[in-house]
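Hello,

Here is the structure I promised to hand over. My notes follow below it.

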Amino acid sequence: MSDSGKQIVVAVTGASGAIYTLRLVQTLLCAGCQLHVVISNAAKQVFQEELGVTPPQHDQGASGWLSMFQQIQQQSDVAWNFREAGTVDAGQLGSLRQYGLADFRASAASGSARIAGMVVCPCSMGTLSSIACGASSNLIHRAADVQLKERRPLILVPRETPLGLIQLENMVRLSQAGATILPAMPGFYHGPQGMGDLVDFIVARICDHLDVPHQLSRRWGQSTSDVSGPDAT
Ligand SMILES: Cc1cc2nc3c(=O)[nH]c(=O)nc-3n(C[C@H](O)[C@H](O)[C@H](O)COP(=O)(O)O)c2cc1C
């Protein structure tokens, strides 16, 4: 897989779906991306609830996230069964820097930073609402606001069901402002073999919208033998 070297903001908020974040970060690092990661306080609670861990600390960098993904795969009670596929040399791996919610001096808070794309995964209804009204009250909201004003990719991965009128209207507003609404809503037509394939369905679509190469999930019309992607070792 080629090294895209893109700078991408990965914001993690308190909606269900912490496993999406872990797989997304692992995939983007394997594609050589330079990640700016911001985690909300509620997201930390969801990590604990769903995966039994707290997200990696600021000083742990890319290796902390990659080890956590390996740990969850190997030790979790859930049979995620992510596809194993190939290896990536350490030299090809991307980098990761983590920022605090109140760190408005982070480069992602300014339009002058060369941020290729931002994804909020998963995106809570609370954060969706804050971005929709331009609150900019924490680094996640501010970085998203910057992406919209700079007319750069902003991908929101909401998870809630059913959806109320206010939530739907916020999504319409954000879509009209240029964001991509990519709900955590996996399809079943690709013949998933387990939970990992369902997670990868969503992560693959996020990577497509960030224009980051991947081979996570079979594309419609592609043969099953074509699906393989790198894992960091
Ligand atoms: C275990 C758990 C699961 C949650 N799942 C969702 C969810 O799927 N969608 C959602 O919008 N909020 C969910 N919430 C509620 C949000 O975390 C809460 O509204 C929070 O204020 C969001 O803050 P944030 O946007 O700063 O992360 C969940 C909370 C917990 C503790």
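Start with what covers helix α5 in this predicted model. The cover over its buried residues includes the strands β1 (7–12), β2 (34–39), β4 (95–99), β5 (117–123) and β6 (154–158), along with helix α4. Helix α5 spans residues 139–149, and nine of its eleven residues are buried, so the rest of the structure largely encloses it. The buried ones are L139, I140, H141, R142, A143, A144, D145, V146 and Q147. Note that H141, R142, D145 and Q147 are on that list. Just past the helix, R151 has a positive phi of about 55 degrees.

Next, the ligand. Its shell holds 16 residues. T13, G14, A15, S40 and A42 are the closest. Two elements give two or more residues each: α2 (41–51) and α4 (125–132). The top contributor is α2, with five residues. By type, the shell has eight polar residues, five nonpolar and three charged. Helix α4 is worth a second look, since two findings involve this helix. It is among the elements that cover the buried residues of α5, and α4 also gives two or more residues to the ligand shell.

Now the core. Which residues have the most contacts inside the largest nonpolar core? They are V10, L29, C121, V157 and I206, in a core of 67 residues. Helix α1 (residues 18–30) gives the most to this core, with nine residues.

V157 is a good place to zoom in. Setting aside neighbours within four places in sequence, V157 contacts Y20, V119, V120, C121, P122, C123, L182, P183, A184, I202 and I206. Two of those partners, C121 and I206, are themselves listed with the most contacts in the core.

Last, the whole chain. It has seven helices and eight strands. The radius of gyration is 17 Å, close to the 17 Å that the globule rule gives for 233 residues, so the chain is as compact as a globular protein of that length. Along the principal axes, the C-alpha atoms fill a box of roughly 45 × 40 × 35 Å. Buried residues make up 45% of the 233. Among contacts with a separation of 6 or more, 79% join residues 24 or more positions apart.

When you open the file, I would begin with α5 and the elements that cover its buried residues, then go to the ligand shell, and finish at V157 and its contacts.

Best wishes

How values were computed. Residues are numbered from 1 along each chain as its sequence is written. This is a predicted model: local features need pLDDT of at least 70, side-chain atom pairs count only at pLDDT 80 or more; totals for chains, interfaces and linings use all residues. Helices (H or I, at least four residues) and strands (E, at least two) are DSSP runs, numbered from the N terminus. The radius of gyration is taken over C-alpha atoms; the globule rule is 2.2 Å times the number of residues to the power 0.38. A residue is buried if 20 or more other C-beta atoms lie within 10 Å of its own, exposed if 12 or fewer, and partly exposed in between; C-beta atoms are placed from the backbone. Two residues are in contact if their C-beta atoms, placed from the backbone, lie within 7 Å. A residue is near a molecule or strand if its C-beta atom, placed from the backbone, lies within 6 Å of it. Ala, Val, Leu, Ile, Met, Phe, Trp, Tyr, Cys and Pro count as nonpolar, Asp, Glu, Lys and Arg as charged, and the others, Gly among them, as polar. A nonpolar core is a set of buried Ala, Val, Leu, Ile, Met, Phe, Trp, Tyr and Cys residues joined through C-beta atoms within 7 Å.
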